[in-house]
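Work through these exercises with the structure open beside you. Try each task before you read its solution.

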Amino acid sequence: MKASLGRRGVAPEDVDRVAELDVEHRKRLADREVLRAQVKALSRQVGQARKAGEGGRAAELAEESRRLGDEERAVGAEADRVAEALRQTLLELPNLPSEDAPDGAGPEDNVELRRWWPGMETGASQPEPADHQRVPHWEVGERLGILDMARGARLAGSMFPLYAGRGARLVRALTSLARDRHTDAYLEIRPPTLVLTETMTSTGHLPKFGDDAYHVERDDLWAIPTAEVPLTSLRRGEILAEEELPLRCTAVTSCFRREAGAAGRDTRGLLRVHEFEKVELFAYATEAQAPSVHADILARAEGVLQDLRLPYRVLDLCAGDLGASSARTFDLEVYSPGCDRWLEVSSVSWFRDYQARRANVRYRPDGGGAPLLAHTLNGSGLAWPRVWAALVETGRQPDGSVLLPDCLAPYLGGDLRITPPVG
RNA sequence: GGAGGCGUGCGAGAGCGGCCGAAUCGGCACGAUUGGAAAUCGUGUGUGGGGCAACCCACCGUGGGUUCAAAUCCCACCGCCUCCGCCA
């Protein structure tokens, strides 16, 4: 375990500390239980003695019990203190990376598994963007009147985008497209966007990453950074039947991220924003089902990009770059010709039982027996701002208009061309 | 936001401060009965932790308190229901 966590940079002493706290906690609990059992036994005797009319003996026993009770409370308080320290240490410990996740310390060590581009099946080579596509989306968007970052900033500050006209409709169209693609197997959910601290803790977003999230202090609610948060808690505290698994659902929500200290060169236009819409695919599964569910989510996310005719690549995240809760993650990055960069639009992760343990989601095996922790998996399918950016840049024509892919026609009233506003 | 009621096991639903981890009915599982089924009868039927066997401990919305002893009394919070107010 130390070796496994070491792959992602956790110091061995941190693991030792957990073991020490655990041993101490167990010892105190055992001590407490013995005292507790004595108090209970004595209390019973007090009742009997009193009923038998032996008032003196009852008083004696009560006195003895009181003394043990005080002792028990002291030991118990100590046990609680250790338990809390253990809980905090454990909550901040990241998940064990999967054996299959590549070694590495950071993003530079991620492994590119494959690339896709339109026409690849028929042998075409990766397309070289034309000059008219080499215009960043914030310029294209502004000229066409479909993206207004300045007015968005006026309303909410920088990095809160405002889409207008056909730009706004494009976001809606993308959401509809994804919904239609995924609801064959995934139950559509519209969860709350503000959630309890407990809900944020279940996914591993709290306590460690509280600074990344918006917190409504007055009501102690958190704005979700992803629909993964409410979906993971959908069945919190429940024991599912194995036959219900895999339990798959999808949700489209706004996602909020403070991105503290992120302002700068990498944040222009839609590259990084505080609020965005994202379609999430989520599943509870058994350990045996997890790999195929993981593959399904990845295939669905890729399928959307392929429908949209956008070149992308698939990254296998190395142990050092995995999110804290994840055991294995594939990132999908779409190519942005206007920025000449690969932009992350989906992260497809397998959390094993790390989140289910926090959320206390279990299932009863088919043959009966003790409940087992479920596995959770999720992936974006997809996050729209960067897809929007890639679509607008990739589809830009020599005349400055933007031509969108055919799959969106049903959602755009059949009009796939966005032209500059007249006048 | 105001007033009142309620929160117990898979469901319904009892529960006097000690004999309640919890009656009873239903559901479910197994067994008996049957040619098979229904009906009937019997047995079993929560979760977590410790020893990992007998057994012990915790959990009756959550958290505190009173008590020798709390599902049972007190306080706070949360949730649900009803009525009122407000609003889309």
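**Exercise 1. The surface near the RNA**

Which element gives the largest share of the surface near RNA strand B, and how many residues is that?

Solution. First, know the model. It is predicted: local features need pLDDT of at least 70, side-chain atom pairs count only at pLDDT 80 or more, and totals for chains, interfaces and linings use all residues. Side-chain values use heavy atoms, without hydrogens and water; residues are numbered from 1 along each chain as its sequence is written, and chains are lettered from A and ligands numbered from 1 in the order in which they are written.

Next, the terms. A residue is near a strand if one of its heavy atoms lies within 4 Å of it. Helices (H or I, at least four residues) and strands (E, at least two) are DSSP runs, numbered from the N terminus.

Now the count. H2 supplies nine residues, the largest share of the surface near RNA strand B. There are 15 residues around RNA strand B, and Arg26, Arg36, Ser43, Ser65 and Arg364 come nearest. On the RNA side, sugar and phosphate make up 71% of the atoms that come within 4 Å of the protein.

**Exercise 2. Polar contacts to the RNA**

Find what serine 43, serine 65 and arginine 362 each approach on RNA strand B.

Solution. Start with the cut-off. A polar contact is a pair of N or O atoms within 3.5 Å; within protein, one must be able to donate a hydrogen and the other to accept it, and residues adjacent in sequence count only if both atoms are side-chain atoms.

- Serine 43 uses a polar backbone atom, 2.6 Å from a base nitrogen of RNA strand B.
- Serine 65 has a side-chain N or O atom 2.2 Å from a sugar or linking oxygen of RNA strand B.
- Arginine 362 has a side-chain N or O atom 2.9 Å from a sugar or linking oxygen of RNA strand B.

Then place the elements. Helix H2 (12-51), helix H3 (55-91) and strand S12 (362-364) each give two or more residues to the surface near RNA strand B.

**Exercise 3. A residue of H3**

Is glutamate 72 buried or exposed?

Solution. Locate the residue: glutamate 72 sits in helix H3. Apply the classes: buried means under 20% relative accessible area, exposed over 50%, partly exposed in between (1.4 Å probe, protein chains only). Glutamate 72 is buried, because its relative accessible area is 8%. Finally, list its partners. Contact means heavy atoms within 4.5 Å. Neighbours within four places in sequence aside, glutamate 72 touches Arg32, Leu35 and Arg36.

**Exercise 4. The eight-stranded sheet**

In what order do the eight strands of the open sheet run?

Solution. Two strands pair if DSSP finds at least two bridges between them. The order is S1-S9-S10-S11-S14-S8-S7-S2, with mixed pairing. Strand S1 (111-116) and strand S2 (187-189) are the edges, each pairing on one side only. From one strand to the next, the twist averages 25°.

Now walk through part of the sheet.

1. S9 (residues 312-316) and S10 (residues 328-336) run antiparallel, joined by five bridges. Valine 314 has leucine 332 of S10 as its bridge partner.
2. S10 and S11 are also antiparallel, with nine bridges. Leucine 332 has serine 346 of S11 as its bridge partner.
3. The hairpin of S10 and S11 has four residues between the strands, and aspartate 340 there takes a positive phi near 50°.
4. S11 and S14 pair in the antiparallel sense over two bridges. Serine 349 has asparagine 378 of S14 as its bridge partner.

How many of the ten residues of S11 are buried? The count is seven, so S11 is mostly covered.

**Exercise 5. The three-stranded sheet**

Which strands stand at the edges of the three-stranded sheet?

Solution. Read the order: S3-S5-S4, an open sheet with antiparallel pairing. Strand S3 (194-195) and strand S4 (215-216) each have a single partner strand, so one side of each is left without a neighbour in the sheet. Two bridges join S4 to strand S5 (residues 221-223). Histidine 215 has tryptophan 222 of S5 as its bridge partner.

**Exercise 6. Cysteines**

How many disulfides does a search of the whole structure find?

Solution. A disulfide is a pair of cysteine sulfur atoms within 2.5 Å. The search finds zero. Check two cysteines for burial. Cysteine 339 is buried at 18% relative accessible area, and cysteine 407 is buried at 19%.

Note on methods:
Axes are lines fitted to C-alpha atoms, for helices over the stretch in contact, and angles run from 0 to 180 degrees between N-to-C directions.
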